Amino acid sequence: MKTLSSLSFLIFCTLPVLAQTNISIDGAWQRQTDSATISWIISDGYFMKVSYTTDGNRFINASGGMLKQLTSSIETEVEFNSANKDDVGSFHLYDFTRTGNQLILKHHDDVQKWSRIDDGKPGQLFGAWLFSGRKTKPEDEIAPYTPGVRKTMKIMSGTRFQWAAYNTETKEFLGTGAGTYTTANGKYTENIGVFSRDNNRVGASLSFDMEVKDPHWFHSGKSSKGDPIYERWSKRRSFSGQ
């Protein structure tokens with residue numbers, strides 16, 4: 001049985017949209033604790049967070065899922081949480097206030113102060129994307145992949161990215177990476193700021209040829225291991241119920 005049932009998804013997506021455009025929280029946010037940096041991307045109704053050590057950019061934990069912004073509150077439905085499997089499938093409600101580039105988030109007795117990094121611009125790739133196909137050679141046809149309970153999602157603000165692989169049925173977290181990105185002259189370049197599987201990859205820059213044909217994003221180049229890749233990503237909202 002799927003963790004995110006069709007009924008819960010329908011209820012979540014049909015909540016009244018009361019958000020005001022002048023208080024939109026789309027984009028990238030960040031806050032500091034005594035020992036960690038926490039980055040939070042909100043994009044097109046989805047979110048991801050990643051925490052890493054301030055000294056050394058070593059991965060601590062990550063979470064993500066669906067997000068609904070109301071007038072003065074935020075509701076999230078968790079799809080993965082590397083620190084707590086039991087959190088997967090749960091809903092959380094937060095009160096928020098935003099003044100300029102400062103966001104104050106309240107959840108019970110917990111008060112968090114976030115600083116805005118970007119507001120979703122320039123954002124040629126702004127949105128939530130699901131891995132939807134790959135090929136091994138340039139001349140091959142892309143072998144399609146339809147996301148189900150096993151997903152690889154990449155979420156993009158205007159200048160920040162985070163990807164995560166996870167399973168909503170088993171509640172298994174498989175990995176994540178995050179950092180900054182740019183798009184220019186048909187090139188997508190990402191700079192790795194944190195990588196859960198191998199901290200030695202932090203600091204690397206990867207550049208890909210890119211093409212966007214709504215709702216798909218194609219990119220080709222070499223992975224962080226140096227292997228050639230030809231991938232297709234699709235806007236998450238193009239997959240009904242996903």
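Let's start with β13 and β14, which pair in the antiparallel sense over eight bridges. A pair of strands here means that DSSP finds at least two bridges between them, and strands are DSSP runs of E with at least two residues, numbered from the N terminus, while helices are runs of H or I with at least four. In this pairing, Ala184 stands opposite Lys187 in β14. The two strands form a hairpin with two residues between them. One of the residues in that turn is Asn185, with a positive phi of about 55°, although Asn185 is not a glycine. For context, most residues other than glycine have a negative phi, and most peptide bonds are trans. Asn185 counts as exposed because its relative accessible area is 82%; the cut-offs are under 20% for buried, over 50% for exposed, and partly exposed in between, with a 1.4 Å probe and protein chains only.

A word on the source, for those of you who like to know the filters. This is a predicted model, so local features need pLDDT of at least 70 and side-chain atom pairs count only at pLDDT 80 or more, while totals for chains, interfaces and linings use all residues. Residues are numbered from 1 along each chain as its sequence is written, and side-chain values use heavy atoms, with hydrogens and water left out.

Going back one strand, β12 and β13 run antiparallel too, joined by eight bridges. Here Trp163 stands opposite Gly177 in β13. This hairpin has four residues between its strands, and Lys171 in the turn has a positive phi of about 65°. Glu169 also belongs to the loop between β12 (160-167) and β13 (172-184). Glu169 counts as partly exposed because its relative accessibility is 38%. How far apart are the C-alpha atoms of Glu169 and Gly89? They are separated by 9.4 Å, with the two positions 80 residues apart along the chain.

Now the wider view. The protein comes to one helix and 17 strands. Of its 242 residues, 45% count as buried. If you take contacts, meaning heavy atoms within 4.5 Å, and keep those with a separation of 6 or more, residues 24 or more positions apart account for 46% of them.

Eight of the strands make a closed barrel, running β1-β2-β3-β4-β5-β6-β7-β8 with antiparallel pairing. From one strand to the next, the twist averages 35°; the axes are lines fitted to C-alpha atoms, for helices over the stretch in contact, and angles run from 0 to 180 degrees between N-to-C directions. Within the barrel, seven bridges join β3 (residues 46-53) to β4 (residues 59-69), and the bridge partner of Phe47 in β4 is Gly65. The loop between β3 and β4 holds Asn57, another non-glycine residue with positive phi, near 55°.

Next, a residue I enjoyed looking at: Ser43, in strand β2 (residues 36-43). Is Ser43 buried or exposed? It counts as buried, because its relative accessibility is 0%. Its side chain has a polar atom 2.8 Å from the backbone nitrogen of Gly127, and that side chain also reaches the backbone oxygen of Met156 at 2.8 Å. Polar contacts are pairs of N or O atoms within 3.5 Å; within protein, one must be able to donate a hydrogen and the other to accept it, and residues adjacent in sequence count only if both atoms are side-chain atoms. Leaving out residues up to four places away in sequence, Ser43 touches Asp26, Phe126, Gly127, Ala128, Ile155 and Met156.

On to the rings. There are twelve aromatic pairs in the structure, where rings of Phe, Tyr and Trp (its six-membered ring) pair if their centres lie within 6.5 Å, and planes under 30 degrees apart count as stacked, over 60 as edge-to-face and the rest as tilted. Tyr188 and Phe208 are a stacked pair, 6.0 Å centre to centre with 25° between the planes. The pair links distant parts of the chain, with Tyr188 in β14 (residues 187-195) and Phe208 in β15 (residues 205-213), 20 residues apart. Tyr188 counts as buried, at 0% relative accessibility, and Phe208 is buried at 3%.

Finally, the cis peptide bonds. One joins Lys121 and Pro122, with omega about 5°, and Pro122 sits in the loop between β8 (110-118) and β9 (127-135). The bond from Asp214 to Pro215 is cis as well, with omega near 10°. Thanks, everyone!
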